[in-house]
Amino acid sequence: MKASVVAHKDFTVSKIDDRVYGAFLEHLGRAIYEGIYEPDHPSADKDGMRGDVAKLVKDLNIPVVRYPGGNFVSAYNWEDGIGPRDKRPTRLDLAWHTSESNAVGVHEFADWCATVGTEMMLAVNLGSRGVDEARNFLEYVNHPGGSYWSDLRIRNGRKDPWNVRMWCLGNEMDGPWQVGHKDAAEYGKLAANTARAMRMFDSKLELIVCGSSNSDMASYPDWERIVLEHTYDHVDHISLHMYFANREKNTANYLALNHKLDRYIETVASTILQVKAKRKSKRDVTISFDEWNVWYHSNKQDRAILDGGNGWPHAPGLLEDIYNFEDVLMVGLILNTFIRRSDVVKIACIAQLVNVIAPIMAEKGGPAWAQTIYYPYYFASIFGRGTALNLIVNSPGYDSVHQDNTPYVDVSGVHNEDEGVLSFFLVNRHGTEAIDVSVSLQGFADGQVIDHQVMVHDNLEAVNTARNQTEVAPRKGSGAKAEGGELNVKLPPYSYQMVRVKV
Ligand code: AHR
């Protein structure tokens, strides 16, 4: 089978905002406790943060991490997580039916962000709380001193403000599962009032209002329209979430799910324009896709805890999806979609980062390792920076439930002008046929392949574990060649590849 691609230097989508390679950490399961924080772990630093996990995180060069939730934030009191640890209260977390010790709060998280070299993106609680807690939290985090909350921060050991610029106005407020769930108009008014108050403190904040929890919600896409009609002048991004699953064990349909993602982005981008036109506004609002990942492997085993059958355990194993090789392909496809839609998607966060639906797993007292999906995320984050190319792709395809003629070859291309390098991320959705792909490189100097990474496995269900950490891992490819303005590469059946060309 053959496919062809045209990549022209001047035919671009947009400069990619580095923040599309962001991540998310929630007080949920073993994400924080035993994930990033485990004071008794042999690799723990003076703050109790695991060094082995921090190393795997650092290697990903993640630009931003969203915190502290998620559903958790909608009944969270941020004040519980400050001050001396032995005075912090244990609370019941209604979202996940667990207990929260508050041993980690904003100070510890901020220090960890500095260790791993990332920026904090914070969420305020618009479920059980509102404008007042948001303004106080903001003052605590960002005011230099000389006020009640900023002086308290200083007394708690942090002199300089953290100057957090990205703030989420609640989480998934369209979801009936959310503590303090609201309808679109109710939420829109609250979000607008909260945003106004936060901007009175600092007009330069980047504020993110809740869009839909997923595109199957009954309120979608009216939710986006109504919420934006209330908030358009006060926010910068609208947040979208989507999780991907192969419950029917149908790989062809599973791997076509990114078309659904694409339509979701397209619809919300159009809704933004509709509201912009209606308001005769000059401002642009863009998309923060601040929760995305594969999530379904652990659904059944989580039921007992979520239904309350285990009482209120602290940091139990929850949402611990063990990812397989098939998920590598799905995550590659999702990231390709974000690159192709970098004109409107300016922030995206893989959900989550450690232990909870995560690319990184960590055993209590034991090792930390990269799950299968770590790798496509790694390649995109490290090498997918620059300008997204608007590729013309000609590939044979198949009919899936999500789209007719789903192309077997899915590809994104990024031009890093500073380094003079083109990076292509390719997925072959065909299960039995290899595909020869030729990419016509137009407007670029004659190129030379400088890196070629391949992920293939004869078992779609292969996984990495603590004892076998590299069952699914990339290996160096050999067949990619750039010659006479053309790149040629063979994609084995069900494979993910990255090819980098110096131009
Ligand atoms: O990431 C897990 C959960 O998924 C988040 O808490 C919530 O926002 C979403 O429903």
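**Exercise 1. Find where Gly 70 sits, and say which peptide bonds around it are cis.**

Step 1. Gly 70 belongs to the loop between strand 4 and strand 5, where strands are DSSP runs of E with at least two residues, helices are runs of H or I with at least four, and both are numbered from the N terminus. A word on the numbering and the model: residues count from 1 along each chain as its sequence is written. The model is predicted, so local features need pLDDT of at least 70 and side-chain atom pairs count only at pLDDT 80 or more, while totals for chains, interfaces and linings use all residues, and side-chain values use heavy atoms, without hydrogens and water.

Step 2. Gly 69 is linked to Gly 70 by a cis peptide bond with omega near 15°.

Step 3. Another cis peptide bond joins Tyr 67 and Pro 68, with omega of about 5°. Pro 68, too, is in the loop between strand 4 (64-67) and strand 5 (91-93).

**Exercise 2. Describe how helix 3 and helix 5 pack.**

Step 1. Start with the axes, which are lines fitted to C-alpha atoms over the stretch in contact, with angles running from 0 to 180 degrees between N-to-C directions. Those of helix 3 (residues 131-142) and helix 5 (residues 184-201) come within 9 Å and cross at roughly 30°.

Step 2. Helix 3 and helix 5 are therefore roughly parallel to each other (angles under 35 degrees count as roughly parallel, over 145 as roughly antiparallel, 65 to 115 as roughly perpendicular and the rest as oblique).

Step 3. Now look at the contact, meaning heavy atoms within 4.5 Å. Helix 3 brings Val 131, Ala 134, Leu 138, Glu 139 and Asn 142, and helix 5 brings Leu 190, Asn 193, Thr 194, Ala 197, Met 198 and Phe 201.

Step 4. Sorted by class, the residues in this contact of helix 3 with helix 5 are seven nonpolar, three polar and one charged. Here Ala, Val, Leu, Ile, Met, Phe, Trp, Tyr, Cys and Pro count as nonpolar, Asp, Glu, Lys and Arg as charged, and the others, Gly among them, as polar.

**Exercise 3. Work out which side of helix 6 is buried, and what covers it.**

Step 1. Buried means under 20% relative accessible area, exposed over 50%, and partly exposed in between (1.4 Å probe, protein chains only). In helix 6 (residues 222-231), the buried residues are Trp 223, Glu 224, Val 227, Leu 228 and Thr 231.

Step 2. Their arc around the axis is only 115°, so they lie on the same side of helix 6; the arc is that of the directions from the helix axis to the C-beta atoms.

Step 3. The cover over these buried residues of helix 6 includes helix 5, strand 9 (206-210), strand 10 (237-244) and helix 8 (257-278).

**Exercise 4. Compare Asn 163 with Asn 355.**

Step 1. Asn 163 is not a glycine, yet has a positive phi of about 50°. For Asn 355, also not a glycine, the positive phi is about 65°.

Step 2. Asn 163 is in the loop between helix 4 (148-155) and strand 8 (166-169). Asn 355 is in the loop between strand 12 (345-351) and strand 13 (360-362).

Step 3. With a relative accessible area of 53%, Asn 163 is exposed. Asn 355, at 0% relative accessibility, counts as buried.
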